[in-house]
Structures are given as structure tokens and as C-alpha cells.
Amino acid sequence: MRTRLSLIALPLGVTVLVLLAGCGGDDSSPSYGDSGSSRSTGASSGGGAATVAVADNPQLGEILVDGEGRTLYLFEKDESNASNCNGECAKVWPPYTTKGGPKAGEGADAAKPGTLKRDDGSTQVTYNEAPLYLYANDNQAGEANGNELDQFGAEWYALHPSGEKAEGSQGGGTPGGDQGGGGYY
């Protein structure tokens, strides 16, 4: 009888451990909202707040970054507190989303982070009322490959802590041309 119980209990115990390991993990691990990308942003999926901080970029000077040091961008087609980057645009330029109010990290003006509700219901971080995004082709902290790109109908810029766009070629150019199919607003 004991042997039979052991044979039943052992697989059951292993199954429970596997399930717990799969459900575990760091609840503060960041993720892109509904962008369809598996890469992470600084947005906290576990109910934590996203962070907007400042880092020194050799080409652009001080710029805004997420909590992991990745460059944050503005889209010139956006309006104050309104995002115009959805669908395919949001796959290339994932919105910087949060669960909870965003926090100003080191060097950022604590009065400038805010949020807006996106069409998909997620909460996007803003800075000085400009919706913030990451760029899918920035592969690590410190890269600003999206700066001055013209895609999806307007240009994209990293931001200085003042909220002004960072002009100066880090990325620049228009790889693939204007993928948004339109001119400036």
C-alpha cells in the first residue's frame, strides 16, 4: 500500500513543483504592454510603477530612460496627452506603459511624469505631457538608434530632462523609409 501511495505522490509532487516554478518569478519584471513583443520595457507588470530616469548619452547628452536604462522617445505626430501610435507602429515603437503612477528617477523632474489611457485600455507613461515609447531596435541600455528616425508619419526623438527633444545623430536616417505612409502632421 505504501509503495502505491509513493508512486502516486511522487509524480503529483513533481507536477506541483513544476507548476509553482512556472507561476513564480519576479512580479516586478517589466513588459511591453500589448505591443506583441516579448522584449521588456521598464513598465511593471506586477502592479508596480514605471520609472522615468536620466542617463548620459555620449552623442545626445542627458536623455530620459526607463528603469533599465533604455532610451525613451517622443513621436512628433502625437498630441499633448494623446498617442497616435497604434497597431504596426506600436510594434516597432512599443508604448512605455505602467501599472500605477509613474515615478521620476534620478535626474528626472518629479512634476513631469504622467499617464494617459491608450485605445487598448493600457496606461501609457507621459513626460511633460508627451507620450513615451521605446524603440524595438534598441537592443541594450544606452542605445538611441531611433533618434531622428522618420517613421509612421513623423519623426521620433529622445528627450532631455527638460522635456525638449534631443537633436543630434545617434540613430538618424530613415532605414526602410517612411513606414507610416504619410508626411508630417
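Is Tyr 135 buried or exposed? Here are some notes to help you find out as you look at the model.

1. Let's begin with that residue. Please keep in mind that this is a predicted model. Tyr 135 has a relative accessibility of 5%, so this tyrosine counts as buried, because anything under 20% falls in that class.

2. Now look for aromatic rings. Searching the whole structure turns up six aromatic pairs. One of them brings together Tyr 73 and Tyr 135 in an edge-to-face arrangement, with 6.3 Å from centre to centre and 75 degrees between the planes. This pair links distant parts of the chain, as its two residues are 62 residues apart. Tyr 73 belongs to strand β3 (residues 73-75), while Tyr 135 sits in the loop between β7 (130-131) and β8 (150-151).

3. What about the partner, Tyr 73? Its relative accessibility is 0%, so Tyr 73 counts as buried.

4. The two tyrosines also have company. Ring pairs join Tyr 73 and Tyr 135 with Phe 75, Trp 93, Tyr 133 and Trp 156 in a cluster. Try picking out these side chains on your screen.

5. Next, turn to the strands. An open sheet is built from three strands, ordered β5-β6-β7, with antiparallel pairing. Why do β5 (113-117) and β7 each have one side without a neighbour in the sheet? Both stand at the edges with a single partner strand each, so nothing in the sheet flanks that other side.

6. Finally, follow one pairing in detail. β5 and β6 (residues 123-127) run antiparallel and are joined by five bridges. Along this pairing, Pro 113 is found opposite Tyr 127 of β6.

Key: Residues are numbered from 1 along each chain as its sequence is written. This is a predicted model: local features need pLDDT of at least 70, side-chain atom pairs count only at pLDDT 80 or more; totals for chains, interfaces and linings use all residues. Side-chain values use heavy atoms; hydrogens and water are left out. Rings of Phe, Tyr and Trp (its six-membered ring) pair if their centres lie within 6.5 Å; planes under 30 degrees apart count as stacked, over 60 as edge-to-face and the rest as tilted. Helices (H or I, at least four residues) and strands (E, at least two) are DSSP runs, numbered from the N terminus. Buried means under 20% relative accessible area, exposed over 50%, partly exposed in between (1.4 Å probe, protein chains only). Two strands pair if DSSP finds at least two bridges between them.
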